[in-house]
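Please look through the sequence and the structure shown here. A short guide to some of the main features comes after them.

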Amino acid sequence: DNTVKMYYANIQEKKNQLYTTGGRVLNMVSVDNSIQQALENIYNNIYKITYNGVFYRRDIGSNYKIKNKNKIPNVAVLASGLATSIEGLFYDDKTSKCIKVFISDKTNPYLLDKASSKNIPYIHLPYKDKQQDRKYYETMVDFLRYYDIEIVILCGYMRIVPDILFNEFYTINIHPSLLPKYKNMTGDKIHQLILKNNDKFIGCTLHQVTKNVDEGRILLQKQSILDKRLFD
């Protein structure tokens, strides 16, 4: 889209088609009001460029953005499993203090111990009946208001949250693929397809939660080369 400009390097044009000649092929550049906004512009356009063996750098600008983050927001974590994908937040006292509450729909001793180790409140909010869905999330929203939450992170939370949540709180999901690839899918199914398709890269995506599942604006992506020994 018009937020992004492209600067070509190693390409050739033949009969109105572009062909790579190897190495660094092109740069995508975006200028906006903040580094985060500029990064998002790239993330939400980069997947539109495809060719055999394509590799994207997704780390450029991220370290600067993290280093210059001054305000630590009040964060709530919604988890159904072990919440291992946010364990990095616990390694630093400053970042662990941003988590104000854990909420889980499952009985989860591991998560309870993790929360207790950092004196973070833990709420078990059992999900009983889809017919009571609205009431369930109204109760959750009341808890989030009590803890003055600004950001909600869905960390392996195995439910589709309604608009009563993401309309009031900036809600982010951690998706175990490089969206938009493998959207509307979860953990094991994604990993099975990655192996079946012989993907060269794996990764995860942070994206904003909207009414369209896995189609919210991409906020950050991380990738690595697939090591199939991880799946043995």
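The paragraphs below treat the sheet, then the core, then a patch on the surface.

This is a predicted model. One part of it to find is an open sheet of seven strands, with mixed pairing. Read across the sheet, the order of the strands is β7-β6-β5-β8-β9-β10-β11. The edges are formed by β7 (residues 122-124) and β11 (residues 218-225). Each of these two has a single partner strand, so one side of each is left without a neighbour in the sheet. On average, neighbouring strands of this sheet are turned by 20° against each other, direction ignored.

In general, strands of a sheet pair through backbone hydrogen bonds, and the pairing is either parallel or antiparallel. Here, strand β6, residues 99-104, runs parallel to β7, and three bridges join the two. At the end of β6, Ser-104 stands opposite His-124 of β7.

Next comes the interior. In soluble globular proteins, nonpolar side chains tend to be buried together. The largest nonpolar core in this model has 22 residues, and Met-140 and Leu-144 have the most contacts inside it. At least two residues of this core come from each of β5 (75-79), β6, α5 (133-146), β8 (151-154) and α6 (163-166). Helix α5 gives the largest share, five residues.

Nonpolar residues also occur at the surface. Met-6, Tyr-8 and Leu-18 make a nonpolar surface patch of about 290 Å². Of these, Tyr-8 lies in strand β1, which covers residues 5-8. Tyr-8 has a relative accessible area of 44%, so it counts as partly exposed.

Conventions. Residues are numbered from 1 along each chain as its sequence is written. This is a predicted model: local features need pLDDT of at least 70, side-chain atom pairs count only at pLDDT 80 or more; totals for chains, interfaces and linings use all residues. Side-chain values use heavy atoms; hydrogens and water are left out. Patches are made of residues with over 30% relative accessible area and no salt bridge: like charges are joined within 9 Å, nonpolar side chains (Val, Leu, Ile, Met, Phe, Trp, Tyr) within 5 Å. Accessible areas come from the Shrake-Rupley method with a 1.4 Å probe; for residues, only the protein chains shown count as cover. A salt bridge is a side-chain nitrogen of Lys or Arg within 4 Å of a carboxyl oxygen of Asp or Glu. Helices (H or I, at least four residues) and strands (E, at least two) are DSSP runs, numbered from the N terminus. Buried means under 20% relative accessible area, exposed over 50%, partly exposed in between (1.4 Å probe, protein chains only). Two strands pair if DSSP finds at least two bridges between them. Axes are lines fitted to C-alpha atoms, for helices over the stretch in contact, and angles run from 0 to 180 degrees between N-to-C directions. A nonpolar core is a set of buried Ala, Val, Leu, Ile, Met, Phe, Trp, Tyr and Cys residues joined through side-chain atoms within 4.5 Å.
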